[in-house]
Amino acid sequence: MSVINSSDFSANSNPDSTFLLDHPAIGIPDHPLQYRAIGVIQGIYEPSQNALTKGIITTADNQTFNTVLLGKTIGAVKNHVDLDQVQNWVVYPHTIPDTDNIHFQIAGIYQPQTNIPEILPDNYFSIRGDIAYSSKYKEKVIVKINQGQSRQRPNYFKLELKGKIPNNQIRHFFTFSACLEGKILRIKKYLDLGLIGFNYR
């Protein structure tokens with residue numbers, strides 16, 4: 001299997017080396033078919049007037065995203081983070097159902113370390129899941145992210161990406177390197193890990 005650039009399907013593709021599929025800053029997957037959707041974005045988090053845990057993130061290009069703080073981050077943000085300054089927020093992205101809009105859950109703050117061998121690309125995301133839909137014409141890919149079992153049934157959400165992958169990849173497990181461009185997650189690299197074996201829902 002080879003790493004492919006989203007805009008080039010040839011066997012001799014030369015992907016942008018800036019984008020990695022699994023960056024040490026957000027962890028290497030424990031298993032080849034580990035699901036996840038996680039990224040690091042630069043921006044200012046502004047909580048609502050009524051609650052620290054709900055607010056908006058404004059990015060450098062003045063895009064705004066509805067955002068919530070996860071419980072494990074509340075203490076750190078409240079006591080140690082200057083909310084007037086730009087921070088590198090570790091976030092989980094979610095596509096709002098029936099819209100193309102993205103909202104974020106803040107899971108932490110990324111502080112670059114000198115021992116990390118590669119520079120983290122701006123607004124970088126690692127997306128891993130199986131393909132629920134794709135269209136080259138629309139440059140649209142919907143990835144199903146399985147969050148485990150809930151009441152004896154799979155618990156998952158679907159995340160929309162912008163870009164192209166080969167046709168007929170439904171139920172294939174992909175790992176994507178993506179970046180936030182404006183309001184969309186743009187595919188930069190991908191790797192097809194093959195057809196998954198469980199029942200598709």
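Does Asn168 count as buried or exposed, or in other words, which side of the accessibility scale does Asn168 fall on? In this predicted model, the residue has a relative accessibility of 71%, and because exposed means over 50%, Asn168 counts as exposed. Asn168 sits in the loop that links β9 (153–162) with β10 (172–181), and its backbone deserves a second look: phi is positive, at about 60°, although the residue is not a glycine. Most residues other than glycine have a negative phi.

The loop between β9 and β10 also holds Arg171. Here too phi is positive, at about 75°, and Arg171 is likewise not a glycine. The surroundings of Arg171 leave it partly exposed, with a relative accessibility of 29%, a value that lies in between the cut-offs of 20% and 50%.

Stepping back to the chain as a whole, the secondary structure comprises one helix and eleven strands. Read from the N terminus, the order of elements is β-β-β-β-α-β-β-β-β-β-β-β, with the helix placed after four strands and followed by seven. Of the 201 residues, 41% count as buried. The accessible surface amounts to about 11200 Å², and carbon and sulfur atoms account for 46% of that area. Contacts that reach across the sequence are well represented: among those between residues at least 6 apart, 59% join residues at least 24 apart.

Strand β2 (residues 36–47) offers a good place to start on the strand pairing, with partners in β3, β5 and β7. With β3 (residues 54–59), β2 pairs in the antiparallel sense through five bridges, and the two strands form a hairpin with six residues between them. Within this pairing, Tyr45 of β2 stands opposite Ile57 in β3. Strand β5 (residues 87–95) is also antiparallel to β2, and five bridges join the two; Gln42 faces Asn88 of β5 across this pairing. The antiparallel pairing of β2 with β7 (residues 124–135) again rests on five bridges. Two pairs of residues illustrate it: Arg36 is set opposite Arg128 in β7, and Gly39 has Phe125 of β7 as its bridge partner.

Strand β7 continues the picture on its other pairing. Seven bridges connect β7 with β10, again in the antiparallel sense, and Asp130 has Phe173 in β10 as its bridge partner. How much of β7 is covered? Nine of its twelve residues are buried, leaving the strand mostly covered. The pairing with β10 also leads back to the opening residue, as Asn168 belongs to the loop between β9 and β10.

A final site of interest is Ile102, which lies in strand β6 (residues 102–109). Its relative accessibility is 6%, and since buried means under 20%, Ile102 counts as buried. Which residues does Ile102 contact, leaving aside its neighbours within four places in sequence? They are Phe65, Pro93, His94, Lys183, Ile184 and Leu185. One of these, Leu185, is 83 residues away from Ile102 in sequence, yet the C-alpha to C-alpha distance between the two is 8.8 Å.

Definitions and conventions:
Residues are numbered from 1 along each chain as its sequence is written. This is a predicted model: local features need pLDDT of at least 70, side-chain atom pairs count only at pLDDT 80 or more; totals for chains, interfaces and linings use all residues. Side-chain values use heavy atoms; hydrogens and water are left out. Two strands pair if DSSP finds at least two bridges between them. Buried means under 20% relative accessible area, exposed over 50%, partly exposed in between (1.4 Å probe, protein chains only). Contact means heavy atoms within 4.5 Å. Accessible areas come from the Shrake-Rupley method with a 1.4 Å probe; for residues, only the protein chains shown count as cover.
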